[in-house]
Amino acid sequence: MTQHSGRTDVSRRSFIARLGGTVLGVALTPLAGCETNMVAPFVEGTDIPFLTPLTDPNPDRAFYVQYGADGTVTNWPGPRQIARDAWTLTVDGLVPQPRTFTYADIQRLSGEAIRIVGTLRCIVDSTFVPGLIGTTLFTGIPLRLLLQEAGVDAAATRRLRIYGADGFTNNLRILEAMGPFAPEQVEPLLVYQMGDAALTPDHGFPVRLVVPGQYGYKSVKWINRIEATASDAAFGSYQDVLGYTDDGRVQVVNKATNPLRNAQISAGTTTIFGYAMSGMAGISRVEISIDDAPFTPVTLVDLPQVLSANPSLRATLQVDNASLYPYPFRGVWTLWEYPWTATAGAHTIRVRAIDRAGNTQPDTDDVVEDGENPVFRISVTVA
């Protein structure tokens, strides 16, 4: 395992530049640490589906891959190709004795499997970057089951250090992994399926970690070791190398996907739409302001509409347990729309989201280390 003890302060934008991406264009080469989707609607300024396609003849429309270790792990070996029968996960540290699990153990516990709807968002996502976010179905077993079987000392443990087979690392506080869990929170899962199919190798086959409501760098792919420690110090490739926050919760955020920044549109009735999400609570409302007018509520796409277009959601934990997981779901994007009668000239559109915990997007935010989430702003020209 490659570990990093020295911190190098690298801003999000300089990191993107170092990896060859652009912040004002439409495509970026490998960014940082999370599954992403740069679907064509984000480029074309059209509506987006609630569930991101996992495959598509046009790769720009599909839920595609980013490697967090690329750029954070010295001499990164590249993505791992691991046979299902060869995969193991070792739990050590504050346990009676190290315990190694195999894929057969995952199958043994498949009766405890949970199917969820989840959104993964890159911490480098911003209004400058199209589509560094995606929503799909994940199936896996609760992480806490293997931790309990391994005998992790929950009283003495403060953090779990988590390792991937490619050298990427991160951590979870013990309460985040074993509970008790906060209202609306879906617990971390050892995932073996996305959508209706097994993980692909690029997505962490055969087993990866998914931490709902947290940035993608917390969801370590090709997970192969968990170390229970008494240390309360932050640990992980992103924290140690890039200086990102250890609190990986996705802040309340929104983005309009139509129109796009600097778009030219025709006068008349048009629909402004996009998504909002928060890793701290479900979205309560989204508000819009045109040309500095007072903010006014937009319409959130309701659950019946979402289920009508995505019947596979009916078998998920959140939909089946509406009293525990009210819609809009925590850690899952919510689509919104607003009809606008566009008049000729230049216009500024601002959009802000508020979650049920009262978290509101700030007017400005240039602190990149915890994920930027300022009020969304774009300028458009109406012909």
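These are my notebook entries on a predicted model of a protein chain.

**Entry 1: the whole chain**

I started with the overall numbers. The chain has 383 residues, and 57% of them count as buried. I looked up the secondary structure next and got eight helices and 21 strands. The accessible surface comes to about 14,900 Å², with 51% of that belonging to carbon and sulfur atoms. For contacts with a separation of 6 or more, I noted that 73% are between residues 24 or more positions apart.

**Entry 2: the four-strand sheet**

In which order do the strands of the four-stranded open sheet run? I read S13-S15-S19-S18, with antiparallel pairing. S13 (253-258) and S18 (299-300) are the edge strands, each pairing on one side only.

I then went through the pairs involving S19. Strand S15 covers residues 268-277 and is joined to S19 by nine bridges, running antiparallel. As a marker for this pair I took Thr-270, which stands opposite Trp-340 in S19. On the S18 side, S19 (residues 334-342) pairs over two bridges, again in the antiparallel sense. Here I wrote down Thr-299 opposite Glu-337, and Leu-300 opposite Trp-336. A reminder to myself: side chains in a regular strand alternate between the two faces of the sheet.

**Entry 3: the five-strand sheet**

Another open sheet has five strands in the order S14-S21-S20-S16-S17, and its pairing is mixed. Why is one side of S14 and of S17 without a neighbour in the sheet? S14 (264-265) and S17 (296-297) stand at the edges and have a single partner strand each, so one side stays unpaired. For S14, I looked up the pairing with S21 (residues 376-382), which is parallel and has two bridges. Ile-265 has Val-382 in S21 as its bridge partner.

**Entry 4: Glu-176**

I wanted to see what surrounds this acid. Glu-176 sits in helix H5, which spans residues 174-178. Glu-176 is buried but has no salt bridge, and the nearest side chain of opposite charge is Arg-173 at 4.5 Å. That distance misses because a salt bridge needs the nitrogen and the carboxyl oxygen within 4 Å.

What does the Glu-176 side chain reach at 2.8 Å? I found the backbone nitrogen of Arg-173 there. The side chain of Glu-176 also makes a polar contact of 3.2 Å with the side chain of Gln-214. With neighbours within four places in sequence left aside, I listed Phe-181, Gln-185, Pro-188 and Gln-214 as the contacts of Glu-176.

**Entry 5: the loop after H5**

I moved on to the loop between H5 and strand S9 (189-194), where Val-186 lies. Is Val-186 buried or exposed? Val-186 counts as buried because its relative accessibility is 6%, under the 20% cut-off. Outside its neighbours within four places, Val-186 is in contact with Ile-116, Pro-212, Leu-317, Gln-318 and Tyr-325. I also checked Val-186 against Val-117: the two are 69 residues apart along the chain, and their C-alpha atoms are separated by 9.9 Å.

Glu-184 is found in the loop between H5 and S9 too. Glu-184 has a positive phi of about 75° without being a glycine. With a relative accessible area of 17%, Glu-184 is buried.

**Entry 6: backbone oddities**

For background, most residues other than glycine have a negative phi, and most peptide bonds are trans. So I went looking for the exceptions.

The loop between S13 and S14 holds Pro-259. The bond joining Asn-258 and Pro-259 is a cis peptide, with omega about -5°. Asn-262 is found in that S13 to S14 loop as well, and its phi is positive, near 60°. How accessible is Asn-262, buried or exposed? Asn-262 is exposed, at 60% relative accessible area.

I noted a cis bond from Tyr-327 to Pro-328 as well, with omega near -5°. Pro-328 lies in the loop between helix H8 (317-320) and S19.

**Entry 7: helix H4**

Last, I looked at H4, residues 143-150. Which residues of H4 are buried? I got Leu-143, Leu-145, Leu-146, Leu-147 and Ala-150. Just after H4 comes Gly-151, which takes a positive phi of about 80°.

Technical notes: Residues numbered from 1 in each chain as written. Predicted model: local features only at pLDDT ≥ 70, side-chain atom pairs only at ≥ 80, totals over all residues. Heavy atoms only, no water. Pairing = 2+ DSSP bridges. Buried < 20%, exposed > 50% of the residue type's maximum accessible area, 1.4 Å probe, protein only. Lys, Arg positive; Asp, Glu negative; His and termini not counted. Polar contact = N/O pair within 3.5 Å; in protein donor to acceptor, adjacent residues only side chain to side chain. Contact = heavy atoms within 4.5 Å. Areas by Shrake-Rupley, 256 points an atom, 1.4 Å probe, with all protein chains shown as cover.
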